[in-house]
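Me: I would like to go through the labels used for this structure and test each one against its rule. Please keep the replies short.

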Amino acid sequence: MSSRSMAKLNVPESDLGPSSQQLQYAGSPQGQLAQPRAFPASPAGSASQFAGHPHSPQASPQGGNYTYVPRKEDGDASAVNETPPRRYGCWQRVFLRHHNEQFADQAEFTFRSALCMVVMAIPFIMPKGHFEKVDWLIEQGYYSRSTVLMFLLTVDQTVGQTLSNAGSGLLGSLLSVANATVMHSVIPGGISVDTPWYVLFAVAAHGVLSVWLVLWLNFGMNARIFCLTTFAYHWMDFMNPLAGECNARVLCGPKVGEIIQACLACCIAVFCNFFPTPVFALRKARTNTRDVTAALNRAWVDVGAHFCGTYSAENRQDRLLADMHKIRTSLESIEGHLLNSWYEFGWFSSVRNIRESLARLRRTLQESSDRLFCTWNTCLQESFGGLHDDLMPRLWPSIQRVIQEASRLLTHCTEVACGGRVFDAEEPPLRDAAERTRAAVGALTAKFRETKAGLGIEGMREDLMDEHNFVIHICAFGRLAAELAEDLLAQKGSLRPLPRADSPAGIFDRAVLADKTHLSFAVRGLVTTLSAFLLGFFGHSKTMLKYDAGTAAFSALLLRKSLGCASARNLNRLHGVVVGTVMGHVIYSMIGWCTPWGYSLMSLAIFSWVATSLFQHHDGGRISAGLAVGNTAAGASAGMLAAYFGATGMMEECTEEVYTVLDVLGRSYYMIINSLTAVMLSFIVDSVLAPESASQLAARAYLDAWRCLSDALTDILDPRVLEVRLRTSELAHRLRVAEALGRQAEREPRYWRLPWRGALFGDGMQAALRLRMSICGMECSAVEGGRFGAGKAEKLRRFTSLPSFAPLRKVVQEKMEHMEGVFDSVVTQETGEVMRGLANPYLKRNFTAEYAQGIHAFILDANRLPEVAQDKFAGNTLESDVAAQASLILSCVASVLAEAQALQSAVLMRAF
């Protein structure tokens, strides 16, 4: 399969359609949660038709105003390429937002968090008497250094994530207090030296069951950490026979101070997200949605201009690839931000309408991007002949019109979705735009059929499969934009409500409770916590105190649901504990003086240390990518531990005495021992009870994703399958998991095993991503009417049931199965023996030649179908054309086969 040099273009810049973003950004403070919107221009109107509208101009989601800018005429070359520059205020420039948006989000978040930490630490640094009310809170047990830890576990980058962590943490504290209160109510005073053995056994069983339920039920990670860290102390105190007797007139056990501490920590964390301006997850979802829409519109213009052009423009290839990467990453973040926005009062009707509209818009953007990626993967890397140059330039004006109308409509729908509803003034132009887009699709379809007839082409041809594929995706882009507008209008008229946006899973979600990964996490957490509790219960010499729950509490802090390289992860945690503890005490011993400059330097040191450590904790795009809140609280990382231990070491009352580092460290000796023991226990349990190593998990995750690709391909090509299940999200999730585990495998110590084939695994990931492009494009086209849930298209079942199609289906299915076995045999090989896959007879089989031979017979057979002749002038979209549908399927299957062949070559090249 020869590759074509990028972009033979013969299209003036002025003909490339409207600007991908008709919105100009002007800096101003961030607006309210529910914001109005601007409107794209339409061919028949201008900005004046919206003059006086109550929502023009409107506040932007990133701290500015979007002001309508009239569309430049097609004769202006700058109408397409240039997006108006975004203006930034002083606050945004402080964090270099004008240079890097992601870094600015991280830097602003760590600045807010570190500043709050300094405020929380000042009462501990300065002598008592400066803050009488705070001193009283500390004396009553309502405020302590534990509040700092709760704050670090709760604060996050958006209001939704922080509210989720806060609610989860408060629930965990309430569960711990309620459980301990029940224990003290049944047995006041707890276990004593005279307690019968069966009572002791019952109390131990109750504690084990409580820990298991907290770990097994689908609580948030903060609920588990908050509950188990405090319950470990209650349980240990209850089982300590030397704790003393309880006064029968007073309820012994937990005090209200624990709940107040959790409430204070959560309130400060929420305040941190609101000051000086709120950072809403819904606002980030709006911003990312606008960015995706702009990039998607621009990418369709570049693809269309490239495919229909005749001269080179390599700059468009670079911009197209950048836009495709941005679309992929931003779509992933939108899903997480929408889920997190449920906690931002998502049950209110106004917020719910915005979330549902954005969820519906995201579905359109996802399918449009899938079709764009499929077009790129199957069309733009092919060799084209003279027939292509005769056909496509004649279609360019019609293709250009569809892209223009669909882009304008999609931009308008994006602003409508960001507002949550269609206003009365918007309804006529939105309806007219949808009708114009459908008319443009119909005109393109008619022009395509007319041009084919003028060139003497009927039915299917092998050298026009990619052209059918391209035009059918252009028609689908227009249809998707029109359907989105119609759904938004139907919601306004209460004719058809939008589907509800996703909400967090429940505590008793069966799918989560029965998941093997979740069960493995619960078992490992239970064994670690109980082992740490027993160590603290019995103690060891004078190194570990008897009846000390510190190790068990710290092991709960290390809970982590994800699997991977246990040794590297726990070594990093150990590094965080040691460095944080040493640095905290060293800094205190050097500048912890009761002088104004001592207070100032200590505050500056806490701020700098916490900011740096939290930046490391949240680095890597995990939070900024918009992952759901269930993925954000993944346990204490090295950065989190360094921030906590460093801050607590500095949060000592100032002194006039001269301390050495050893004097200061001596106070925290047992805390250091407990933390190091918990890290070692976590390492041992993860190493022993983890189901597989990181490399094995990565290989298994990749093969699961490959099987999912193969199953999706089989469902499309098998005429006996009546339903097509959309696997876009599932495939993307599986591939993200495999990619993350592949990075973990690179950090894994191999010992006696062969080195991890990271380069080969990377080649496999790229191949799987490109296969997903083609298969998702086939899925979208295989559904009746383009709407999922309507069943597989009858015309698709008709031509896939032809006898001549069976060899094609068999070739591609066997190639996918063959590559699964070959890749598995290479990646999972851990010894120096001869690769098992070399004996596979399929390595000598020429699948490409078999497919090329079979495709000739199928095209001859398919052109005899009466549906092909009947559809030549039927329907107002090429999506209903049997020849076009068959060409799309064949083009995508050829791309799948070529990609699998390229992966086989990479496997054989890197296997030795």
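Me: Why is Arg112 called buried or exposed?
Reply: Arg112 has a relative accessible area of 6%. Buried means under 20% relative accessible area, exposed over 50%, and partly exposed in between (1.4 Å probe, protein chains only). So Arg112 is buried. A note on the source: this is a predicted model, in which local features need pLDDT of at least 70 and side-chain atom pairs count only at pLDDT 80 or more, while totals for chains, interfaces and linings use all residues. Residues are numbered from 1 along each chain as its sequence is written, and side-chain values use heavy atoms, with hydrogens and water left out.

Me: What makes Glu108 and Arg112 a salt bridge?
Reply: Their closest N and O atoms are 2.7 Å apart. A salt bridge is a side-chain nitrogen of Lys or Arg within 4 Å of a carboxyl oxygen of Asp or Glu. The pair therefore counts as a salt bridge. Glu108 is buried as well, because its relative accessible area is 9%.

Me: Why are Glu108 and Arg112 separated by about one helical turn?
Reply: Because they are four residues apart in helix 3 (residues 101–125). Helices (H or I, at least four residues) and strands (E, at least two) are DSSP runs, numbered from the N terminus. The chain has 32 helices and three strands.

Me: How do you know that Glu332 forms a salt bridge with Arg328?
Reply: The closest N and O atoms are 3.8 Å apart. Both residues belong to helix 11 (residues 314–340), four residues apart. Glu332 is partly exposed, because its relative accessible area is 24%. Arg328 is partly exposed too, with 30%.

Me: What links Asp704 and Arg707?
Reply: Their side chains meet in a salt bridge of 2.9 Å, N to O. The two lie three residues apart in helix 25 (residues 694–717), about one turn of the helix. Asp704 has a relative accessible area of 26%, so it is partly exposed. Arg707, at 35% relative accessibility, also counts as partly exposed.

Me: Which residues are linked in a network of salt bridges?
Reply: Glu367, Arg371, Arg479, Glu483 and Glu879. The count for the chain comes to 35 salt bridges.

Me: Why does Gly478 count as buried or exposed?
Reply: Gly478 is at 0% relative accessibility, so it counts as buried. Gly478 is found in helix 15 (residues 465–492). Not counting residues up to four places away in sequence, Gly478 touches Val402, Ala406, Thr437 and Val441. Contact means heavy atoms within 4.5 Å.

Me: What makes the nonpolar surface patch?
Reply: Val523, Val527, Phe683, Ile684, Val688 and Leu689 make it, at about 470 Å². Patches are made of residues with over 30% relative accessible area and no salt bridge; like charges are joined within 9 Å, nonpolar side chains (Val, Leu, Ile, Met, Phe, Trp, Tyr) within 5 Å. Accessible areas come from the Shrake-Rupley method with a 1.4 Å probe; for residues, only the protein chains shown count as cover. Helix 24 gives the most to the patch, with four residues.

Me: Why is Ile684 called buried, exposed or partly exposed?
Reply: Ile684 is at 47% relative accessibility, so it counts as partly exposed. Ile684 has its place in helix 24.

Me: How many of the 912 residues, as a percentage, count as buried?
Reply: Of the 912 residues of the chain, 57% count as buried.
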